[in-house]
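Here is a short set of exercises to work through with the model open beside you. Try each task first, then compare your steps with the solution.

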Amino acid sequence: MANDEPVWPDELFHDLDRAGPVPLYFQVSRRLEAAIQSGQIPSGARLENEIEIGRRLGLSRPTIRRAIQEVVDKGLLVRRRGIGTQVVQGQVTRQVELTSLYEDLRSTQHDPATQVLTHDVRPATDDVAEHLGIPVGSPVLYMRRLRSTDGIPVAVMENYLPEGLTDISRAQLEEQGLYQILRSRGVTIRVAKQRIGARSEHGDEAELLDVDRGSPLLTMQRTAYDAAGSAVEFGTHCYRPDMYSFETTLVAK
């Protein structure tokens, strides 16, 4: 949660080198980054506005804006409409492996929270039926969830589960990750087909993810299969790129 009062540790910036070769914006951004990483400026803290910071330091607003943007780009700060610039624990970097977002957040010391936006059983469309390998019109559980970490929205997730898993409840989804629930049901996910991309936000995504209209989002589409080769989950997710990234290791042949 954001602190009620904005913070700015003046003592970290009293000895800026105003005549040296290192740009002032860079000096401010490095000290700000160090203060966040050390916990001197805690997670959830809200910074003062750029004009006030500039007044305190005797620097121009463009200099302060560039310094803050440097730290935003590293995933340590996030700009939130109606709140201002807020400290986060760091961008979530996800290995391209067979894990869930919930598990990735837990493993990186983030605090995941889930809001279930839609939860119903509906007939499978042509696209969903193809991905799950079931007849068109078969009952599937459709869920749409907003996943947040440390109080900041990260992803909008849409998933479809085939018949036999349609009794998973809204309450379960609010308390646990989907793959955690599936494992508790005896489902062992062995392999998945995944596609990563990007697009502009649409619909209510800007409001849900607290981004500007037209903002770019990372996307992932995944179909997961159990040990018998049957599809057990099909999902399409979109992520805030300032809060999330994918990482993989490439090996030469």
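The exercises below move from the whole chain to one helix, two single residues and some empty spaces.

This is a predicted model, in which local features need pLDDT of at least 70 and side-chain atom pairs count only at pLDDT 80 or more, while totals for chains, interfaces and linings use all residues. Residues are numbered from 1 along each chain as its sequence is written, and side-chain values use heavy atoms, with hydrogens and water left out.

**Exercise 1. The whole chain**

Find how many helices and strands the protein chain has, and what share of its residues is buried.

*Solution.* Start with the secondary structure: there are 8 helices and 10 strands (DSSP runs numbered from the N terminus, helices being H or I with at least four residues and strands E with at least two). Next, take burial: 45% of the 253 residues count as buried (under 20% relative accessible area; exposed is over 50%, partly exposed in between, with a 1.4 Å probe and protein chains only). Finally, look at contacts (heavy atoms within 4.5 Å): among those with a separation of 6 or more, 61% join residues 24 or more positions apart.

**Exercise 2. Helix α3**

Work out which residues of α3 are buried and where they sit around the helix.

*Solution.* First, locate the helix: α3 covers residues 61-73 and reaches 18 Å from its first C-alpha to its last, close to the 18 Å expected (1.5 Å times one less than the number of residues). Second, list the buried residues: Ile-64, Ala-67, Ile-68, Val-71 and Val-72. Third, look down the axis: these buried residues fall within an arc of 145°, so they line one face of α3 (the arc is taken from the directions from the helix axis to the C-beta atoms). As a reminder, an α-helix has 3.6 residues a turn, so residues three or four places apart point the same way. Fourth, find the partners: the buried residues of α3 pack against α1 (24-38), α2 (50-57), β1 (77-80) and β2 (84-87). Turned away from that buried side, the other face of α3 carries the exposed residues Pro-62 and Asp-73. After the helix comes Gly-75, with a positive phi near 80°.

**Exercise 3. Two single residues**

Decide whether Asp-210 and Thr-223 are buried or exposed.

*Solution.* Asp-210 lies in the loop between α8 (205-209) and β8. Asp-210 is buried, at 11% relative accessible area. Its phi is positive, about 60°, although Asp-210 is not a glycine. For background, most residues other than glycine have a negative phi. Now turn to Thr-223, in strand β8: Thr-223 is buried too, at 3%. Leaving out residues up to four places away in sequence, Thr-223 touches His-131, Val-191, Ala-192, Lys-193, Ala-231, Glu-233 and Phe-234.

**Exercise 4. Empty space**

Describe the second largest cavity: what is its volume, and which residues line it?

*Solution.* Begin with the search, which finds 2 cavities of 30 Å³ or more in the whole structure. On a 1 Å grid over the protein atoms alone, a cavity is a set of points where a 1.4 Å probe fits but cannot get out, and lining residues have an atom within 4 Å of a point. A volume is the space filled by probe spheres set on the points, which are joined across faces, edges and corners. The second largest cavity holds about 40 Å³. Phe-26, Ser-29, Arg-30, Glu-33, Glu-70, Val-71 and Lys-74 line this cavity, and α1 gives the largest share, 4 residues.

Technical notes
1 Å grid on protein atoms, 1.4 Å probe; cavity = no way out; pocket = protein on both sides within 12 Å on 5 of 7 lines; lining within 4 Å.
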